[in-house]
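User: I'm new to this one and keep tripping over the labels. Could you walk me through why things get called what they're called?

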Amino acid sequence: MKKVNETTEFGLDMIRGLPQAYHYTKNKINHQCIVKRPLEQMYKLVSDNVEVTDKFNISNPTEIYEYEGPTWIKKKWTPPPLKKMFKDSITFDKPTIVINNKFAGEITEKMVESYQNKFEPDLEYDAITRPEYETNRRNMVSVNSYSLTFISELVKRYSDKFKIIYISPIFNDSYFKDHNIVFRVDDFEYLEKNHPEVYTIKQFLEETDLTDDYNIAQFMLEATSDRHLTLVGGNCKLSSYFGGDVIIYMSEFWRYGNARGDRGIFKTDSWLKHLSGANIIQMNTYNDILNYIDESWVEGE
């Protein structure tokens, strides 16, 4: 019996676990999936033999970060057609833009100061999200995220033409929380107060019977769109299943100041395109993203 055993970070479930499980199912190969407890329902989309485990250990093969991808995507690897599976699960009266966001603690305030001195004036300082430091003793900040300032600008510019959909972690039992630091920044409360026209995953979960499955809700919302704003990490691996333009935001702070900023997987036209045929685009400033939306999404309508 073949085994799909994913006990590492969520991104590996998207780029290895699910495609392997779906390949075995599609080709009627006897197999078993051993998966992290919060991801049970996600794997049941593609397999009828799923066993949960509470084991977690970080084991990410370096070859996944290469531009051309790991060797195992060339055999026994068939990404499930998630967009087709969830198409029309929810519909809107306008074309949609999906923001798949997360505020992760990535670098320290001291590192920010160092990069500012080194790379001035190329960095966008309003792209840094700082949580409340009484709950953040290491003084970490989030740089690879869409700030509330940016989201407000996006809504003001484009909500007359597009329905803006917002996804960000809901810390319930179906959200897989690993070792990484993820900040709570009251983004949903901010949008409810200032931009109620934005449709959030929080609102979707409250309105449906999917209250216990964050990932299925993500798939449904992502499937509405050919325009995705996402981030480095697990976010872009999920968004890349849903075709169209997938803009991966990588902050200049990360690109210039972190060795992981040169990983090929996050670069334009990387192997992530094989998950659905999506157009993978790395962008490094909010201004570049807004200019691209103007030229390719607004004028292209």
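**Charges and rings**

Analyst: Glu153, Arg157 and Asp294 are linked in a network of salt bridges. Before we go on: this is a predicted model, where local features need pLDDT of at least 70 and side-chain atom pairs count only at pLDDT 80 or more, while totals for chains, interfaces and linings use all residues. Residues are numbered from 1 along each chain as its sequence is written, and side-chain values use heavy atoms, with hydrogens and water left out.

User: What makes the contact between Arg157 and Asp294 a salt bridge?

Analyst: The term asks for a side-chain nitrogen of Lys or Arg within 4 Å of a carboxyl oxygen of Asp or Glu. Arg157 and Asp294 come in at 3.5 Å, N to O, so the pair fits the rule. Searching the whole structure turns up 12 salt bridges.

User: Where in the chain do Arg157 and Asp294 sit?

Analyst: Arg157 is in helix α5 (residues 148-158) and Asp294 in helix α11 (residues 286-298), 137 residues apart, so the pair links distant parts of the chain. Helices (H or I, at least four residues) and strands (E, at least two) are DSSP runs, numbered from the N terminus.

User: Why is Arg157 called partly exposed?

Analyst: Buried means under 20% relative accessible area, exposed means over 50%, and partly exposed is in between (1.4 Å probe, protein chains only). Arg157 has 36%, so it lands in the middle class. Asp294, with 26%, is partly exposed too.

User: How do you know that Lys273 and Asp269 form a salt bridge?

Analyst: Their closest N and O atoms are 3.2 Å apart, so the 4 Å cut-off is met. Lys273 counts as partly exposed at 26% relative accessibility.

User: Why are the rings of Phe219 and Phe242 called tilted?

Analyst: Rings of Phe, Tyr and Trp (its six-membered ring) pair if their centres lie within 6.5 Å; planes under 30 degrees apart are stacked, over 60 edge-to-face, and the rest tilted. Here the centres are 6.1 Å apart and the planes at 35°, so the Phe219 and Phe242 pair is tilted. By this rule the count comes to 12 aromatic pairs.

User: What makes Phe219 buried?

Analyst: Phe219 has 0% relative accessibility, so it counts as buried. Phe242 is also buried, at 0%.

User: And what about Tyr249 and Tyr286: why is that pair tilted?

Analyst: The Tyr249 and Tyr286 ring centres are 5.0 Å apart with planes at 35°, so tilted is the label. Both belong to one aromatic cluster with Tyr146 and Phe150.
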